[in-house]
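Biologist: Hi! Could you walk me through this one, a piece at a time?
Modeller: Happy to, let's look at it together.
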Amino acid sequence: MLRLLRKSVPIEQSSEEDLVRRAQEGEHEAFRTLFERHVSGVRRFLGDLLKDSAAADEATQETFVRAHALLGRLKDRVRLQGFLLGIARNVAFEHHRRGPTREFIEDDTPIEAVLPAPDPESLMLDRELEMQFAEALASLKPERRAALLMRVDHGLPYEEIAEAMGWSLPTVKNEIHRARLKLRQLMLPHVGGRS
Amino acid sequence: MSRCGKSEQLEAMVMGELSGSRASELQAHAERCAVCRHELDWLQSERRMFEHRRAREQVQQLWEGLAARRVVAAPIPQRRRDWNRWALAAAAVVFLSIGLSSSQVRPQAGEGYGLASGEAMMSLEEMSRDLRSTGRDCSELRPGMGFACGPYVVASFADGR
């Protein structure tokens with residue numbers, strides 16, 4: 001009876017947990033719905049990591065192929081986003097290893113934490129700032145950038161980031177903290193700070 | 001980053017992860033605490049930049065979708081040719097002038113209404129009054145009146161109110 005009731009809910013309105021369970025039981029449509037919900041986020045994440053549109057498209061497909069194969073292992077069904085971004089991060093780093101390695105000269109010397117802060121309300125969000133922001137993001141170390149993006153752009157909690165990255169919780173916090181400081185330092189000349 | 005020790009809470013607030021009451025409490029604190037205010041400004045600016053970037057990406061995706069349909073590759077359709085508009089305007093002028101000229105030909109007394117020569121036209125009011133007072137059927141109207149049952153309808157309507 002319960003099963004029948006569950007089936008009567010349109011698939012698009014099903015909860016993520018329910019969809020993951022159904023996909024794990026082999027329901028093709030459930031996996032497709034999950035794909036539709038997450039593909040744009042995964043693609044954006046990979047685009048940010050790879051900085052190559054064609055490679056990001058290919059890596060997105062590879063991520064979902066792997067996710068399909070590994071979905072049975074996902075125990076906490078509400079953590080699908082972290083699971084997908086974790087796979088995507090592995091796919092991206094494998095891609096990096098295959099291609100020419102880019103030297104990241106981001107140093108770990110301490111940054112002055114108290115940089116003048118911009119006024120968020122009067123921030124001029126134009127094309128120029130957009131480009132500078134993209135450049136600043138791209139200049140972060142790939143792992144650090146991935147962690148920051150998972151947190152700020154994809155809204156993952158720290159615990160899920162730790163799981164996806166294979167790091168301890170303090171490492172995640174430290175890496176995201178450093179990524180933020182670096183980003184602020186790079187963006188400060190463009191956003192205008194007030195002390 | 002906040003030396004006040006509330007960095008993580010401030011971040012959670014900006015990410016929309018705190019309850020309403022906790023968020024208001026923290027917001028109020030940030031108004032008073034310069035260190036937290038500073039951290040909050042950075043977090044909010046960062047959030048705005050990420051949101052803007054996301055919105056821009058959606059626009060880009062929509063544009064790519066449009067490009068894939070080859071809509072944007074084709075030349076933009078021009079406005080209709082001028083001769084089309086002139087033809088339309090000329091037709092409108094002809095139509096209007098015919099309408100005006102026909103309305104200017106006023107009938108002489110009784111002409112076109114089936115009145116006998118020398119018989120004056122009755123106003124609608126007069127006809128209605130006449131019909132109301134008599135209450136006669138159309139068939140009983142005197143010959144030459146010419147309106148058949150028209151006025152009777154008016155009278156009936158007036159009476160029925």
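Modeller: One term before we start: a residue counts as buried if 20 or more other C-beta atoms lie within 10 Å of its own. Also keep in mind that this is a predicted model.
Biologist: Okay, so how much of chain A counts as buried?
Modeller: Of the 195 residues in chain A, 32% count as buried.
Biologist: And what is the percentage for chain B?
Modeller: For chain B, 14% of its 161 residues count as buried.
Biologist: How many helices and strands does chain A have?
Modeller: Chain A has 9 helices and 0 strands. Along the sequence, that reads α-α-α-α-α-α-α-α-α.
Biologist: What about chain B, how many there?
Modeller: Chain B has 6 helices, again with 0 strands. Its pattern is α-α-α-α-α-α.
Biologist: What share of the chain A contacts join residues at least 24 apart?
Modeller: If you take contacts between residues at least 6 apart in sequence, 69% of those in chain A join residues at least 24 apart. In chain B, residues 24 or more positions apart account for 52% of the contacts with a separation of 6 or more.
Biologist: Let's talk about the inside. Which residues have the most contacts within the largest nonpolar core?
Modeller: That core has 40 residues, and the ones with the most contacts inside it are A:Leu46, A:Leu84, A:Leu85, A:Ala88, A:Ala147 and A:Met150.
Biologist: Which elements contribute to it?
Modeller: Those giving two or more residues include α2 (16-24), α4 (53-70), α6 (127-138) and α9 (169-191) of chain A. The most comes from α5(A), which gives 8 residues.
Biologist: Which domains does this core draw on?
Modeller: It takes at least three residues from each of domain 1 (12-98) and domain 2 (120-191) of chain A.
Biologist: Why would nonpolar residues gather like that?
Modeller: As a general rule, nonpolar side chains in soluble globular proteins tend to be buried together.
Biologist: Nice. You mentioned A:Met150, so what is that one in contact with?
Modeller: Leaving aside neighbours within four places in sequence, A:Met150 is in contact with A:Leu85, A:Leu156, A:Ile161 and A:Ala164.
Biologist: And is there anything to say about a second core?
Modeller: A second, separate core has 9 residues, among them B:Leu10, B:Met13, B:Trp42 and B:Leu43.
Biologist: Back to α5(A). At what angle does it pack with α3(A)?
Modeller: Helix α3 (residues 28-50) and helix α5 (residues 80-98) of chain A pack at about 35°, and their axes are 10 Å apart. The crossing of α3(A) and α5(A) is right-handed.
Biologist: Which residues meet there?
Modeller: From α3(A), they include A:Leu34, A:Phe45 and A:Leu46, and from α5(A) they include A:Leu84, A:Leu85 and A:Ala88. By class, the residues of this contact are 11 nonpolar, 3 polar and no charged.
Biologist: And how do α5(A) and α8(A) cross?
Modeller: Their axes come within 8 Å and cross at roughly 35°. That crossing is right-handed. In α5(A), A:Gly82, A:Leu85, A:Gly86 and A:Arg89 meet A:Glu160, A:Glu163, A:Ala164 and A:Met165 in α8(A). The classes here are 3 nonpolar, 2 polar and 3 charged.
Biologist: Last topic: how many residues from each chain take part in the contact between chain A and chain B?
Modeller: The contact takes 16 residues from chain A and 15 residues from chain B. The chain B side divides into 5 nonpolar, 4 polar and 6 charged residues.
Biologist: Great, thanks for the tour!

Terms used. Residues are numbered from 1 along each chain as its sequence is written. Chains are lettered from A and ligands numbered from 1 in the order in which they are written. This is a predicted model: local features need pLDDT of at least 70, side-chain atom pairs count only at pLDDT 80 or more; totals for chains, interfaces and linings use all residues. Two residues are in contact if their C-beta atoms, placed from the backbone, lie within 7 Å. Ala, Val, Leu, Ile, Met, Phe, Trp, Tyr, Cys and Pro count as nonpolar, Asp, Glu, Lys and Arg as charged, and the others, Gly among them, as polar. Axes are lines fitted to C-alpha atoms, for helices over the stretch in contact, and angles run from 0 to 180 degrees between N-to-C directions. Helices (H or I, at least four residues) and strands (E, at least two) are DSSP runs, numbered from the N terminus. A crossing is left-handed if the near helix is turned anticlockwise from the far one by less than a right angle, and right-handed if clockwise. A residue is buried if 20 or more other C-beta atoms lie within 10 Å of its own, exposed if 12 or fewer, and partly exposed in between; C-beta atoms are placed from the backbone. A nonpolar core is a set of buried Ala, Val, Leu, Ile, Met, Phe, Trp, Tyr and Cys residues joined through C-beta atoms within 7 Å. Domain bounds come from an automatic or database domain assignment.
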